[in-house]
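Visitor: Hi there, I've just pulled up a new model on my screen. Please walk me through it.

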Amino acid sequence: MADQDQRISQVVDRERARLLNFIRRRVPDPSDAEDILQDVFYELVEANRLLMPIDHVAGWLFRVARNRIIDLFRKKKPVLFIDAAVAKEDDDSLQFEDLLPSPDAGPEALYARGVLLTALELAVHELPPEQREVFVAHEIEGLSFKEIAARTGVGVNTLLSRKHYAVLHLREHLQGIYDDFTKT
(Lines give C-alpha, C1' and ligand atoms only; values in the text may rest on other atoms or scores of the structure.)
Protein backbone atom coordinates (compact mmCIF):
# COMPACT_ATOMS: atom_id res chain seq x y z
CA MET A 1 0.00 0.00 0.00
CA ALA A 2 2.84 2.40 0.82
CA ASP A 3 4.36 1.61 -2.58
CA GLN A 4 1.10 2.64 -4.32
CA ASP A 5 0.94 5.85 -2.30
CA GLN A 6 4.53 6.62 -3.28
CA ARG A 7 3.75 6.09 -6.98
CA ILE A 8 0.71 8.37 -6.78
CA SER A 9 2.79 11.06 -5.06
CA GLN A 10 5.39 10.83 -7.81
CA VAL A 11 2.72 11.18 -10.52
CA VAL A 12 1.20 14.19 -8.75
CA ASP A 13 4.60 15.86 -8.38
CA ARG A 14 5.56 15.14 -11.98
CA GLU A 15 2.27 16.11 -13.69
CA ARG A 16 0.84 18.84 -11.45
CA ALA A 17 2.36 21.89 -13.17
CA ARG A 18 1.62 20.72 -16.74
CA LEU A 19 -1.90 19.69 -15.84
CA LEU A 20 -2.64 22.95 -14.03
CA ASN A 21 -1.36 24.97 -17.03
CA PHE A 22 -3.56 22.88 -19.33
CA ILE A 23 -6.61 23.58 -17.18
CA ARG A 24 -5.87 27.30 -16.68
CA ARG A 25 -5.67 27.86 -20.44
CA ARG A 26 -9.23 26.60 -20.73
CA VAL A 27 -10.87 27.82 -17.51
CA PRO A 28 -10.89 31.56 -16.80
CA ASP A 29 -11.49 31.36 -13.04
CA PRO A 30 -8.34 30.28 -11.11
CA SER A 31 -10.38 28.76 -8.28
CA ASP A 32 -12.33 26.63 -10.79
CA ALA A 33 -8.99 25.51 -12.28
CA GLU A 34 -7.71 24.46 -8.86
CA ASP A 35 -10.96 22.62 -8.13
CA ILE A 36 -10.71 20.72 -11.39
CA LEU A 37 -7.08 19.83 -10.66
CA GLN A 38 -8.07 18.44 -7.28
CA ASP A 39 -10.93 16.48 -8.87
CA VAL A 40 -8.51 14.96 -11.38
CA PHE A 41 -6.12 13.82 -8.68
CA TYR A 42 -9.02 12.51 -6.61
CA GLU A 43 -10.06 10.42 -9.62
CA LEU A 44 -6.50 9.09 -9.84
CA VAL A 45 -6.55 8.04 -6.18
CA GLU A 46 -9.98 6.43 -6.62
CA ALA A 47 -8.87 4.57 -9.74
CA ASN A 48 -5.81 3.32 -7.87
CA ARG A 49 -7.91 2.28 -4.88
CA LEU A 50 -10.27 0.34 -7.15
CA LEU A 51 -7.26 -1.27 -8.84
CA MET A 52 -8.18 0.11 -12.26
CA PRO A 53 -5.31 -0.44 -14.68
CA ILE A 54 -4.10 2.81 -16.25
CA ASP A 55 -1.60 2.29 -19.06
CA HIS A 56 -0.67 5.91 -19.81
CA VAL A 57 -1.17 7.90 -16.63
CA ALA A 58 -0.39 11.33 -18.14
CA GLY A 59 -2.84 10.85 -21.01
CA TRP A 60 -5.46 9.55 -18.61
CA LEU A 61 -5.04 12.60 -16.35
CA PHE A 62 -5.44 15.02 -19.26
CA ARG A 63 -8.53 13.18 -20.50
CA VAL A 64 -10.10 13.36 -17.03
CA ALA A 65 -9.20 17.07 -16.85
CA ARG A 66 -10.80 17.72 -20.25
CA ASN A 67 -13.95 15.93 -19.12
CA ARG A 68 -14.11 17.95 -15.88
CA ILE A 69 -13.71 21.20 -17.86
CA ILE A 70 -16.61 20.18 -20.10
CA ASP A 71 -18.68 19.33 -17.02
CA LEU A 72 -17.93 22.77 -15.55
CA PHE A 73 -19.15 24.59 -18.65
CA ARG A 74 -22.24 22.43 -18.90
CA LYS A 75 -23.19 23.27 -15.31
CA LYS A 76 -23.03 27.01 -15.90
CA LYS A 77 -26.42 28.19 -17.11
CA PRO A 78 -26.13 30.48 -20.12
CA VAL A 79 -27.76 33.90 -19.92
CA LEU A 80 -30.45 34.24 -22.54
CA PHE A 81 -30.04 37.10 -25.00
CA ILE A 82 -33.63 38.21 -24.46
CA ASP A 83 -33.23 38.02 -20.68
CA ALA A 84 -29.88 39.81 -20.55
CA ALA A 85 -30.19 42.74 -18.19
CA VAL A 86 -27.92 45.57 -17.26
CA ALA A 87 -28.11 46.86 -13.69
CA LYS A 88 -28.80 50.55 -13.34
CA GLU A 89 -27.77 52.68 -10.37
CA ASP A 90 -31.16 52.35 -8.66
CA ASP A 91 -31.02 48.51 -8.89
CA ASP A 92 -33.67 48.34 -11.61
CA SER A 93 -32.71 46.36 -14.65
CA LEU A 94 -32.93 46.98 -18.36
CA GLN A 95 -33.95 44.42 -20.94
CA PHE A 96 -32.12 44.15 -24.27
CA GLU A 97 -34.88 46.18 -25.93
CA ASP A 98 -34.18 49.01 -23.47
CA LEU A 99 -30.54 49.12 -24.56
CA LEU A 100 -31.51 50.09 -28.08
CA PRO A 101 -32.17 53.75 -28.77
CA SER A 102 -35.82 54.62 -28.23
CA PRO A 103 -37.84 55.03 -31.43
CA ASP A 104 -39.40 58.16 -29.85
CA ALA A 105 -36.06 59.87 -29.08
CA GLY A 106 -35.76 61.73 -32.35
CA PRO A 107 -34.46 61.12 -35.83
CA GLU A 108 -30.86 60.26 -34.85
CA ALA A 109 -31.97 57.67 -32.30
CA LEU A 110 -34.50 56.23 -34.73
CA TYR A 111 -31.76 55.95 -37.37
CA ALA A 112 -29.33 54.28 -34.91
CA ARG A 113 -32.02 51.82 -33.83
CA GLY A 114 -32.81 50.99 -37.44
CA VAL A 115 -29.13 50.45 -38.27
CA LEU A 116 -28.63 48.17 -35.27
CA LEU A 117 -31.73 46.09 -35.90
CA THR A 118 -31.01 45.82 -39.63
CA ALA A 119 -27.41 44.77 -38.98
CA LEU A 120 -28.52 42.19 -36.42
CA GLU A 121 -31.19 40.81 -38.73
CA LEU A 122 -28.73 40.63 -41.65
CA ALA A 123 -26.09 38.92 -39.50
CA VAL A 124 -28.63 36.35 -38.28
CA HIS A 125 -29.81 35.67 -41.85
CA GLU A 126 -26.20 35.15 -43.00
CA LEU A 127 -25.80 32.27 -40.57
CA PRO A 128 -25.94 28.75 -41.97
CA PRO A 129 -29.51 27.44 -41.51
CA GLU A 130 -28.55 24.97 -38.74
CA GLN A 131 -26.80 27.68 -36.72
CA ARG A 132 -29.58 30.20 -37.30
CA GLU A 133 -32.24 27.71 -36.19
CA VAL A 134 -30.42 26.99 -32.90
CA PHE A 135 -29.63 30.65 -32.21
CA VAL A 136 -33.20 31.83 -32.81
CA ALA A 137 -34.75 28.94 -30.85
CA HIS A 138 -32.46 29.43 -27.86
CA GLU A 139 -31.98 33.21 -27.72
CA ILE A 140 -35.20 34.57 -29.21
CA GLU A 141 -37.75 31.88 -28.42
CA GLY A 142 -36.11 31.03 -25.08
CA LEU A 143 -36.09 27.27 -25.60
CA SER A 144 -33.63 25.10 -23.70
CA PHE A 145 -31.15 22.96 -25.59
CA LYS A 146 -33.04 19.86 -24.43
CA GLU A 147 -36.26 21.25 -25.89
CA ILE A 148 -34.53 22.09 -29.17
CA ALA A 149 -32.99 18.60 -29.27
CA ALA A 150 -36.40 17.03 -28.74
CA ARG A 151 -37.91 19.22 -31.46
CA THR A 152 -35.16 18.69 -34.05
CA GLY A 153 -33.75 15.27 -33.18
CA VAL A 154 -30.22 16.74 -33.06
CA GLY A 155 -27.98 16.03 -30.06
CA VAL A 156 -27.46 18.68 -27.38
CA ASN A 157 -23.68 18.80 -27.92
CA THR A 158 -24.17 19.44 -31.64
CA LEU A 159 -26.67 22.20 -30.82
CA LEU A 160 -24.21 23.78 -28.37
CA SER A 161 -21.50 23.75 -31.02
CA ARG A 162 -23.79 25.28 -33.64
CA LYS A 163 -24.82 28.06 -31.31
CA HIS A 164 -21.20 28.72 -30.37
CA TYR A 165 -20.27 29.22 -34.03
CA ALA A 166 -23.35 31.40 -34.56
CA VAL A 167 -22.37 33.67 -31.68
CA LEU A 168 -18.80 33.95 -33.00
CA HIS A 169 -20.14 34.96 -36.42
CA LEU A 170 -22.52 37.52 -34.94
CA ARG A 171 -19.81 39.06 -32.76
CA GLU A 172 -17.49 39.38 -35.73
CA HIS A 173 -20.19 40.80 -37.99
CA LEU A 174 -21.49 43.32 -35.47
CA GLN A 175 -18.13 44.48 -34.06
CA GLY A 176 -17.71 47.19 -36.71
CA ILE A 177 -21.12 48.70 -35.98
CA TYR A 178 -20.42 48.61 -32.27
CA ASP A 179 -17.09 50.37 -32.84
CA ASP A 180 -18.78 53.05 -34.99
CA PHE A 181 -21.39 53.81 -32.32
CA THR A 182 -18.94 53.86 -29.41
CA LYS A 183 -16.44 56.26 -30.98
CA THR A 184 -16.31 59.53 -29.11
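Guide: Happy to! One term comes up straight away: helices here are DSSP runs of H or I with at least four residues, numbered from the N terminus. With that in hand, helix α6 is followed by Gly142, whose phi is positive, near 75 degrees. Keep in mind that this is a predicted model.

Visitor: Which residues make up α6, and how many are there?

Guide: Helix α6 covers residues 129-140, twelve residues in total. From its first C-alpha to its last it reaches 15 Å, close to the 16 Å expected at 1.5 Å a residue.

Visitor: And which residues of α6 are buried?

Guide: They are Gln131, Val134, Phe135, Ala137, His138 and Glu139.

Visitor: Let's zoom out. How many helices and strands does the chain have?

Guide: Eight helices and two strands. In sequence order the pattern runs α-α-α-β-β-α-α-α-α-α.

Visitor: What share of the chain is buried?

Guide: Of the 184 residues, 26% are buried. The accessible surface comes to about 12700 Å², and carbon and sulfur atoms account for 54% of that.

Visitor: What about contacts between residues far apart in sequence?

Guide: Take the contacts between residues at least 6 apart in sequence: 52% of them join residues at least 24 apart.

Visitor: New topic, aromatics. How many aromatic pairs turn up in the whole structure?

Guide: A search of the whole structure finds one. The partners are Phe22 and Phe62, set edge-to-face, with 5.0 Å centre to centre and 80 degrees between the planes.

Visitor: Which parts of the chain does that pair tie together?

Guide: Phe22 lies in helix α1 (residues 2-24) and Phe62 in helix α3 (residues 57-75), so the pair links parts that are 40 residues apart in sequence.

Visitor: Is Phe22 buried or exposed? And Phe62, buried or exposed?

Guide: Buried means under 20% relative accessible area. Phe22 has 7%, so Phe22 is buried. Phe62 has 14%, so Phe62 is buried too.

Visitor: Which residues does Glu15 touch?

Guide: Leaving out residues up to four places away in sequence, Glu15 touches Ala58, Leu61 and Phe62. Glu15 lies in helix α1. Glu15 and Phe62 are 47 residues apart in sequence and 9.6 Å apart in space, C-alpha to C-alpha.

Visitor: A glutamate there catches my eye. Is Glu15 buried or exposed?

Guide: Glu15 counts as buried because its relative accessibility is 6%.

Visitor: Back to α3, then. How far does α3 reach?

Guide: Helix α3 has 19 residues and reaches 27 Å from its first C-alpha to its last, close to the 27 Å expected at 1.5 Å a residue. Its buried residues are Trp60, Leu61, Phe62, Val64, Ala65, Ile69 and Leu72.

Visitor: What covers the buried residues of α3?

Guide: The cover includes α1 and α2.

Visitor: Last one, pockets. What volume does the second largest pocket have?

Guide: About 250 Å³. Ten residues line the second largest pocket, and the closest to its centre are Arg7, Ile8, Leu44, Asn48 and Val57.

Visitor: Which helix gives the most to that lining?

Guide: That's α1, with four residues. Helices α1 and α2 (30-49) each supply at least two residues of the lining.

Note on methods. Residues are numbered from 1 along each chain as its sequence is written. This is a predicted model: local features need pLDDT of at least 70, side-chain atom pairs count only at pLDDT 80 or more; totals for chains, interfaces and linings use all residues. Side-chain values use heavy atoms; hydrogens and water are left out. The expected span of a helix is 1.5 Å times one less than its number of residues. Buried means under 20% relative accessible area, exposed over 50%, partly exposed in between (1.4 Å probe, protein chains only). Contact means heavy atoms within 4.5 Å. Accessible areas come from the Shrake-Rupley method with a 1.4 Å probe; for residues, only the protein chains shown count as cover. Rings of Phe, Tyr and Trp (its six-membered ring) pair if their centres lie within 6.5 Å; planes under 30 degrees apart count as stacked, over 60 as edge-to-face and the rest as tilted. On a 1 Å grid over the protein atoms alone, a cavity is a set of points where a 1.4 Å probe fits but cannot get out, and a pocket is an open set with protein on both sides within 12 Å along at least five of seven lines; lining residues have an atom within 4 Å of a point. Grid points are joined across faces, edges and corners, and a volume is the space filled by probe spheres set on the points.
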